[in-house]
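The following exchange examines how certain structural terms are assigned. Please consult the sequence and model shown here.

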Amino acid sequence: MVALVEPLADHDPRQVGGFRLQARLGAGGMGRVYLGYSPGGRPVAVKVVHPDLARDPEFMLRFRREVAAAQSVSDAYTAAVVGAGPDDSPPWLATTFVAGPSLADLVTRSGPLPEDAVWRLAGGLAEALQAIHSHGLIHRDLKPGNILIAADGPRVIDFGISRTTEGTVVTATHTTIGTPAYMSPEQAQGHSVGPGSDVFSLGSVLAFAAGGTAPFGGSGTEMFAIAYRVVNGEPDLSRVPASLRPVIDACLAKDPAARPPVSQLIADVAAGAATHPGVTPGRFWPDQVAAVLESSAFTPVLPPPAPLTPPPSGARTEPGAGKEYAPTEAAVRGQNAPMTGGNVGGLYTARTEAAERGLYIATGGTLATRLRRGPRWLLPAALSVAVAIGAAIAIVLALSSSPKPPSFLGTNSPTTGTHQAP
């Protein structure tokens, strides 16, 4: 979608670890997500933790577990980790950039997915859960907002509240975490959860994708009412096509033992999908959905990599911005740590550090005398500012033209009416 990126604000960081930040991708209670580029020009999504949360030992334990969980799961249907700094200030996590909308955004803007596309979605998500569970993990927050729809299939993201099957839940006593509309009954009641909890959430996600609304109530519904329906009520599957009902009904069984294991679910989905025509060779989605994803409404417009430039001097900043957006420790130290380690090496090498102090390094590696500060810095500084302004203008122009997203013709429900976002 065109509105995927926003320009960096004056108080935003320009570098995290070894990644140059170019735009904002989103924000939430835990911090912000930025579009970044590796030194080689690879686009990545960089999640930066808010400094207040970085001082919360319980949250940081969860964040370190998210980093470990995301690093352990490498599957075609998850976003791969390319770097992390859980002990940096501020902490951060970088994953491959997925060019595509979330399932929540796609359905809300274009309507429920066609029936054959829901079968494809079900297969991709079931395989993602199989990979996650094979590492002894439970996602615990599978929902449309945590599923990105890329051209080559769905991606499950955000392992922020995942847990190991043998470990203990890292939250306050009797605290239930997750998204009520997509929780399992045992999760909503604060009981221990297993892989079957993710299967229940998958059933709710598929119902949303096929019918356009969460089966137990979505936005505008009081969360305690939703949780009550999850535990005691029946799902509203009136908009779900009949062929999908057996699989979704099985996932939404109240008793975890009655839900199918993921391996059985994959077999059931494969059998159901076989009744629909095959997709175009080389594509994951049916042509109708592929065309919508390729439309200008859902095609990300990314700013190009630009030289690292500091925020404007004297710029107004938000309260606490100095703490929130100081360069990470790895960047300041300039260490060349592995990209999968705790501290990713920064762009500030010995040469650039010397240049900032008015020194230079000779070809042989020896440190020479101090240079006179004069007009020599004006030209590179002016060029850097010009490039930054050009990138900002490109983003503004992209945001100014937001075409109406195409809808899915012949959807599973009437084209009129509203579609509730999760």
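Q: What makes β2 and β3 a hairpin, and which residue in the turn has a positive phi?
A: β2 and β3 form a hairpin with two residues between them, and G17 in the turn has a positive phi of about 60°. This is a predicted model, in which local features need pLDDT of at least 70, side-chain atom pairs count only at pLDDT 80 or more, and totals for chains, interfaces and linings use all residues. Residues are numbered from 1 along each chain as its sequence is written, and side-chain values use heavy atoms, with hydrogens and water left out.

Q: Why are β2 and β3 called paired strands?
A: Strands pair if DSSP finds at least two bridges between them. Two bridges join β2 (residues 15–16) to β3, so the definition is met. The two strands run antiparallel, and V16 stands opposite F19 in β3.

Q: How do you know that β3 also pairs with β4?
A: Seven antiparallel bridges join β3 to β4 (residues 31–37), and the requirement of at least two is therefore satisfied. Here R24 has Y34 of β4 as its bridge partner. R24 is also the bridge partner of E6; β1 (residues 6–7) and β3 (residues 19–28) pair in the antiparallel sense over two bridges.

Q: Why is E186 called buried?
A: Buried means under 20% relative accessible area, exposed over 50%, and partly exposed in between, with a 1.4 Å probe and protein chains only. E186 has a relative accessible area of 8%, so E186 is buried.

Q: Which residues does E186 touch?
A: Leaving aside residues up to four places away in sequence, E186 touches H191, S192, V193, G196, S197, K254, P256 and R259; contact means heavy atoms within 4.5 Å.

How values were computed
Helices (H or I, at least four residues) and strands (E, at least two) are DSSP runs, numbered from the N terminus.
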